[in-house]
Amino acid sequence: LTRALAAIRWGSARISKLPKSWAAGPPSIEESWEETRKGLEAATRLVRRMGWTSRRWLPSANALIPVARFAALKGGRISSDDEREVSRFLCLAAWAGAFSGASETAIDHYLRRLKKAGPRCSARVLSRAIPKTRRPRVRPSDILNQSKMTGPLMQIYLAYLVSRRARSFPSGVPLADAAMKRDGMGSLQVHHVFPRKYVERIEGEFDVNTMADYVILTREDNESLGDEDPKVAYEGLSVDSKRDAREQFIPFGDPDALLPDAYEAFTKRRAQEMASAINDFLAL
């Protein structure tokens, strides 16, 4: 909060470099705090609508500061016209690891762009400030190599699914609604299509810890599918639930697609589809 206040009042997130008189008016520090509060509220409302409602799903808290500054330039709000591009910026920043290094240096990079652009700027100022070399197209191999269940690509994948109004299955609960639940239980969870215990049970020799084997479900749906044989679990879904599962790139129509022997082909196919969808979502 102090870094955000400094960024919006002084134009820099470098707290250690602030002059001793930085809080002296005019304007009063209280006015600057009100401007900061409105900017942060606009930023947090946006990320919650993206499905990033808990710290494990939020790629970077520091990335919210340039967004709050942008909102402050716009009178404390992010318009519907700008919302899509701000969401894209946050996803691109996650993919680029834009805030994974020296956070104050990274924040200031975007603050300078906003200052130069002025109050009439569009949200594209933020996205364009990420070097093109740091935002390449997502490759299927990136999906296959992502093992962390809430890594950057999974966080982007959640935002993509929420933008598509995707639903958990078999319950049919919208992921956006589930993300908003404040039950302290982790309302959204990552489920292995080929569960680890199932693979152990059949003595399979393939690694299931890859994004190409992950789907995002409600906690209740994750528990209901459990460690079931995926062919049995998914073929038993209703027509509507199968449609919801297809939104997460689970193939139907091929009776052998969810057999253990088809695991490599399944993950390769799914990685290709997921990478293509994310690239379209991020306009890469």
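1. A word on classes before we start: Ala, Val, Leu, Ile, Met, Phe, Trp, Tyr, Cys and Pro count as nonpolar, Asp, Glu, Lys and Arg as charged, and the others, Gly among them, as polar. With that in hand, the lining of the largest pocket comes to 6 nonpolar, 2 polar and 4 charged residues. Please keep in mind while reading that this is a predicted model.

2. Here is the pocket itself. Its volume is about 250 Å³, and it is the largest pocket in the model. Which residues line the largest pocket? They are Leu-46, Arg-49, Met-50, Glu-83, Arg-84, Ser-87, Ala-159, Val-162, Ser-163, Arg-165, Ala-176 and Phe-281. Helix H2 (29-49), helix H4 (80-96) and helix H8 (152-163) are the elements that each give two or more residues to this lining.

3. Now for the overall picture. The protein chain has 14 helices and 2 strands, and its C-alpha trace spans about 70 × 40 × 30 Å along the principal axes. Of its 284 residues, 51% count as buried. Taking contacts between residues at least 6 apart in sequence, 73% join residues at least 24 apart.

4. The interior is worth a look on your screen. In the largest nonpolar core there are 74 residues, and Trp-52, Leu-90, Ile-143 and Tyr-157 are those with the most contacts inside it. You will also find a second, separate core, made of 17 residues, with Phe-169, Phe-194, Val-199 and Leu-258 among them.

5. Ile-143 makes a good starting point for exploring the larger set, as one of the residues with the most contacts inside the largest core. Leaving aside residues up to four places away in sequence, Ile-143 touches Val-138, Leu-153, Thr-210, Met-211 and Ala-212, and also Ala-271, Met-274, Ala-275 and Ile-278.

6. A colleague may well ask about the cysteines. How many disulfides does the structure hold? The count is 0. For Cys-91, the reason is distance: the closest cysteine sulfur, in Cys-121, lies 19 Å from its own sulfur, which is too far for a bond, given that a disulfide needs cysteine sulfur atoms within 2.5 Å. Cys-121 is likewise in no disulfide, with the sulfur of Cys-91 as its nearest cysteine sulfur, 19 Å away.

7. One last detail on this pair: are they buried or exposed? Cys-91 is buried, at a relative accessible area of 0%. Cys-121 is buried too, at 6%.

Note on methods
Residues numbered from 1 in each chain as written. Predicted model: local features only at pLDDT ≥ 70, side-chain atom pairs only at ≥ 80, totals over all residues. Heavy atoms only, no water. Core = buried A, V, L, I, M, F, W, Y, C linked by side-chain atoms within 4.5 Å. Buried < 20%, exposed > 50% of the residue type's maximum accessible area, 1.4 Å probe, protein only. Contact = heavy atoms within 4.5 Å. 1 Å grid on protein atoms, 1.4 Å probe; cavity = no way out; pocket = protein on both sides within 12 Å on 5 of 7 lines; lining within 4 Å. Points joined across faces, edges and corners; volume = space filled by probe spheres on them. Helix = DSSP H or I, 4+ residues; strand = E, 2+ residues; numbered from the N terminus.
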